[in-house]
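Subject: Structure for your files

Hello,

Here is the structure I said I would pass on. My notes on it follow below.

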Amino acid sequence: MKKFCFLLLLQLMGIWLFANTNVSYQINGRITDESGSPLAGASVVLENSMYGSTTDSYGNYSISKVKSGIYTLSVSFIGFEKKSLEINVDKDLTVDLSLTPSSIMGEEIVVNATRASNKMPIAQTTLSKED
């Protein structure tokens, strides 16, 4: 009888451990600019993990099958400052963020062009409207 109870207890512990390790949560939300317009195609990533998503045409995103823990949620989009937020995932979360526009000041770019003349050793083709 002792052996039976011990085996039953081991099985119940195994089931309990298996059930608790498969708990996962979902993070969703909306990414907008300062005026509230949705940002389609923004990258939403949980840093140092394999979880991430991009926003749809309405600025909505969803990251599913996230294990419980503390993560850093990072959002980036071209022309906007990257925003990071530390979140504690212990239930399904909704995280809406607004990004601030930024500009990148680069160096001057100079474009030069040379028109080919008839004396240049380059094959030329003249196109008309009909071509």
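**Strand pairing and the sheet**

In strand S3, threonine 54 is the bridge partner of serine 43. Please keep in mind throughout that this is a predicted model. Serine 43 belongs to strand S2, which covers residues 43-46. S2 and S3 run antiparallel and are joined by three bridges. The two strands form a hairpin with five residues between them.

On another pairing, S2 is joined to strand S5 (residues 69-76) by four bridges, again with the strands running antiparallel. Valine 44 has valine 75 in S5 as its bridge partner. The two faces of S2 are unlike in cover: Val44 and Leu46 lie on the covered face, while Ser43 and Val45 lie on the uncovered one.

These pairings belong to an open sheet of four strands, in the order S3-S2-S5-S6, with antiparallel pairing. Its edge strands are S3 (52-54) and S6 (83-89), each of which pairs on one side only. On average, neighbouring strands of the sheet are turned by 20 degrees against each other, direction ignored.

**Around glutamate 47**

Which side chains meet in a salt bridge? Those of lysine 82 and glutamate 47 do, at 3.7 Å from N to O. The structure holds one salt bridge, and this pair links distant parts of the chain. Lysine 82 sits in the loop between S5 and S6, glutamate 47 in the loop between S2 and S3, and they are 35 residues apart. Lysine 82 has 56% relative accessibility and therefore counts as exposed. Glutamate 47, at 29% relative accessibility, counts as partly exposed.

The side chain of glutamate 47 also makes a polar contact with the side chain of serine 74, at 2.3 Å. Serine 74 is placed in strand S5. Is serine 74 buried or exposed? Its relative accessibility is 5%, so serine 74 counts as buried. Neighbours within four places in sequence aside, serine 74 is in contact with Ser43, Val44, Val45, Glu47, Lys82, Lys83 and Ser84. That list includes both residues of the salt bridge, Glu47 and Lys82.

**Pairings of strand S1**

Strand S1 (residues 25-33) pairs with strand S4 (residues 60-66) in the antiparallel sense, over five bridges. In this pairing arginine 30 stands opposite asparagine 60 in S4.

S1 also has parallel pairings. Two bridges join S1 to strand S7 (residues 93-94), and these strands run parallel. The bridge partner of asparagine 28 in S7 is threonine 94. With strand S8 (residues 97-99), S1 pairs in the parallel sense over three bridges. There, leucine 97 in S8 is the bridge partner of isoleucine 31.

**Two residues with positive phi**

Which backbone angle is worth a look at asparagine 48? Its phi is near 60 degrees, a positive value in a residue other than glycine. Asparagine 48 is in the loop between S2 and S3, in the turn of the hairpin described above. With a relative accessible area of 86%, asparagine 48 is exposed.

Lysine 65 likewise has a positive phi of about 60 degrees although it is not a glycine. Unlike a residue in a loop, lysine 65 is found in a strand, S4. At 62% relative accessibility, lysine 65 counts as exposed.

**The protein overall**

The secondary structure comes to one helix and eight strands. Along the sequence the pattern is α-β-β-β-β-β-β-β-β. The protein has 131 residues, of which 21% are buried. Of the contacts between residues at least 6 apart in sequence, 47% join residues at least 24 apart. The protein exposes about 10500 Å², with carbon and sulfur atoms supplying 57% of that area.

If you open the model with one spot in mind, I suggest glutamate 47, whose side chain meets lysine 82 in the salt bridge and serine 74 in the polar contact.

Regards

Technical notes
Residues are numbered from 1 along each chain as its sequence is written. This is a predicted model: local features need pLDDT of at least 70, side-chain atom pairs count only at pLDDT 80 or more; totals for chains, interfaces and linings use all residues. Side-chain values use heavy atoms; hydrogens and water are left out. Two strands pair if DSSP finds at least two bridges between them. Axes are lines fitted to C-alpha atoms, for helices over the stretch in contact, and angles run from 0 to 180 degrees between N-to-C directions. Buried means under 20% relative accessible area, exposed over 50%, partly exposed in between (1.4 Å probe, protein chains only). A polar contact is a pair of N or O atoms within 3.5 Å; within protein, one must be able to donate a hydrogen and the other to accept it, and residues adjacent in sequence count only if both atoms are side-chain atoms. Contact means heavy atoms within 4.5 Å. A salt bridge is a side-chain nitrogen of Lys or Arg within 4 Å of a carboxyl oxygen of Asp or Glu. Accessible areas come from the Shrake-Rupley method with a 1.4 Å probe; for residues, only the protein chains shown count as cover.
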